[in-house]
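This report describes the sheets, buried elements, loops, cavities and cysteines of one structure. The sequence and the model come before the text.

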Amino acid sequence: MRLSRRGLLRAGLAGTAATALGGLASGCAVPTGSTGRNMVLWYWDGGLGDTVLKKARARYDSTVDLQAIKIGGYYRSKLITTMTGRAHIPDIAGLKGEDMASYLPDADQFVDLRTLGAGKYQDQYLPWKWEQGIADDGTMVGFPIDCGPVAHYYQYQVFRRAGLPYEPADVSRELSTWEKFFAAGEQLKKRIPGTSLLTDVNSVFENIVQQGAKRYVDKDRHFIGDQEHVRHAWDLAVQAKRRGIVSDLVTGTPDQISAVDSGKLPSQLGASWASYDIKNGNPRTKGRWRIADMPVRPANNGGSFLSITKACREPEQAFEIVAWMLNAANQASGYVDAGLFPSTPASYELKQLRAPDPFFGGQVTTDVFGPAAQKIAIAYNSPYDVALGQPIKDEIKNVGVLGKDPDQAWSDAMSKCRRIAKHLGVDY
């Protein structure tokens, strides 16, 4: 079975800042790499579209034997191990968006894309996405592939039966705040017993954090996960549990999938790529779904980059390939092939992204995801965010699934964060 993009994201979170590229020594001789004729690109299943890879091989065949290698398993760990060993390092390497911050402290292991002319392309890409690939010293490590704007997926007829707004524009307008969203969940449960608006509290907590410009650690290496922006997300997640709008099911289990099929879970907050998960996981629900804006403002979940390693013997040639593969036309192709929502706004008006989607009742879903992608806040992503965000996510899950006292859960989360911060050298 093909691992879903959601599964890929969760697998990526297994790494922490403590196992970033810190073991690599700077100033070493350039590792043994390819010649200009033989160029190796590493990516993961679903990381790039098959069509654009095929076209790239054909386009550059006269000068480059481009070998695109799909790496299975824990991609990040395999890339770090290979770079540490200084042998068989790919010329071009995909970097998952959720891992991007952990690569940036070791920017000297990658070619600074600014030196290859990346700046002339900057205005073609989403500003917040472009910034994610740049280290604190200004080195550009990653060239944007895709992004994951989050929206509200809902089942049209279930919302209509519950007396809720059901046309996408109406849902976007009338469920525009978290209070209105939660109230809709209460009405849904009252009108159609046994239903829940969302599967779990984590989708509330994580999306609210992702809506803002702050995460868990700031640029000065201070822990900020105890501040208002995180506590606000925590309190709303607790409220979602208390108001009964979330289920007791676990995402991806047979019971949860069955609940989605039957309309008992007719709603979710998900990134653009989640549309492919719904299509593959719940094919019987074709035509029932619509997509609207998420409450307050969009968040982002996912989206990756291409980098050029210092092992590359022909970085100019490699960058020409990268920039071409990730232009607006090819990003549109990547969306059709692999659900990679473009980081190039010009793609949103191209034919491939304007087609009505029968699975979503003929809706042109780009009309929601496109504007959402352009409204996402520029946020600082620390290499320590994963390690110091995980205890808080674990504890809010304990509140949602196990019924743990929220105050005790918050206290336990802060205690764990304090220990991890001390270990990582982050000021608490």
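## The five-stranded sheet

An open sheet is built from five strands in the order β2-β1-β3-β9-β4, with mixed pairing. At its edges lie β2 (65-70) and β4 (143-144), each of which pairs on one side only. The model is a predicted one.

The contact between β4 and β9 is antiparallel and spans two bridges. Within it, Phe143 has Leu306 in β9 as its bridge partner. Strand β9 covers residues 305-308.

## The three-stranded sheet

A further open sheet consists of three strands in the order β7-β6-β8, and its pairing is antiparallel. The edge strands here are β7 (267-271) and β8 (289-292), each paired on one side only. On average, neighbouring strands of this sheet are turned by 30° against each other, direction ignored. In general terms, strands of a sheet pair through backbone hydrogen bonds, either parallel or antiparallel.

Strand β6 (residues 150-155) pairs with β8 in the antiparallel sense over four bridges. Two positions of β6 can be matched to β8: His152 stands opposite Ala292, and Tyr154 stands opposite Arg290. Toward β7, strand β6 is joined by five bridges, and these two strands also run antiparallel. There, Val150 faces Ala271 of β7.

## Burial of the edge strands and of helix α13

How many of the five residues of β7 are buried? Five of the five are, so the strand is largely enclosed by the rest of the structure. Ser267, Leu269 and Ala271 point one way from β7, while Gln268 and Gly270 point the other way, and all are buried. Strand β8 is likewise covered on both faces: Trp289 and Ile291 are buried on one side, Arg290 and Ala292 on the other. The list of buried residues in β8 thus includes Arg290, the residue opposite Tyr154.

Helix α13 (residues 315-325) has nine buried residues out of 11, and it is therefore largely enclosed by the rest of the structure. The buried residues are Pro315, Gln317, Ala318, Phe319, Ile321, Val322, Ala323, Trp324 and Met325.

## Loop residues

Two residues other than glycine have a positive phi: Arg86, with a value near 60°, and Val296, with a value near 75°. Arg86 sits in the loop between α3 (75-85) and β3 (92-95). Its relative accessible area is 40%, so Arg86 counts as partly exposed. Val296 belongs to the loop between β8 and β9 (305-308). Val296 is exposed because its relative accessible area is 55%, and the cut-off for exposed is over 50%.

Is Tyr125 buried or exposed? Tyr125 is buried, since its relative accessible area is 3%, and buried means under 20%. Tyr125 lies in the loop between α4 (100-103) and α5 (127-132). From Tyr125 to Leu188 the separation is 63 residues in sequence and 39 Å in space, C-alpha to C-alpha.

## Cavities

Rolling a probe the size of a water molecule over the atoms shows where empty space is left. The structure holds two cavities of 30 Å³ or more. The second largest has a volume of about 90 Å³.

Which residues line the second largest cavity? The lining is made up of Leu48, Gly49, Val52, Ile145, Asp146, Met325, Leu326, Asn330, Gln331, Gly334 and Leu340. By class, the lining has six nonpolar, four polar and one charged residues. Helix α14 (residues 328-338) gives the most to this lining, with three residues. Met325 is one of the lining residues and is also among the buried residues of α13.

## Cysteines

A disulfide is a covalent bond between the sulfur atoms of two cysteines. With a limit of 2.5 Å between cysteine sulfur atoms, the count of disulfides is zero. Cys147 counts as buried because its relative accessibility is 0%. Cys312 also counts as buried, with a relative accessibility of 6%.

Technical notes:
Residues are numbered from 1 along each chain as its sequence is written. This is a predicted model: local features need pLDDT of at least 70, side-chain atom pairs count only at pLDDT 80 or more; totals for chains, interfaces and linings use all residues. Side-chain values use heavy atoms; hydrogens and water are left out. Buried means under 20% relative accessible area, exposed over 50%, partly exposed in between (1.4 Å probe, protein chains only). On a 1 Å grid over the protein atoms alone, a cavity is a set of points where a 1.4 Å probe fits but cannot get out, and a pocket is an open set with protein on both sides within 12 Å along at least five of seven lines; lining residues have an atom within 4 Å of a point. Grid points are joined across faces, edges and corners, and a volume is the space filled by probe spheres set on the points. Ala, Val, Leu, Ile, Met, Phe, Trp, Tyr, Cys and Pro count as nonpolar, Asp, Glu, Lys and Arg as charged, and the others, Gly among them, as polar. Two strands pair if DSSP finds at least two bridges between them. Axes are lines fitted to C-alpha atoms, for helices over the stretch in contact, and angles run from 0 to 180 degrees between N-to-C directions.
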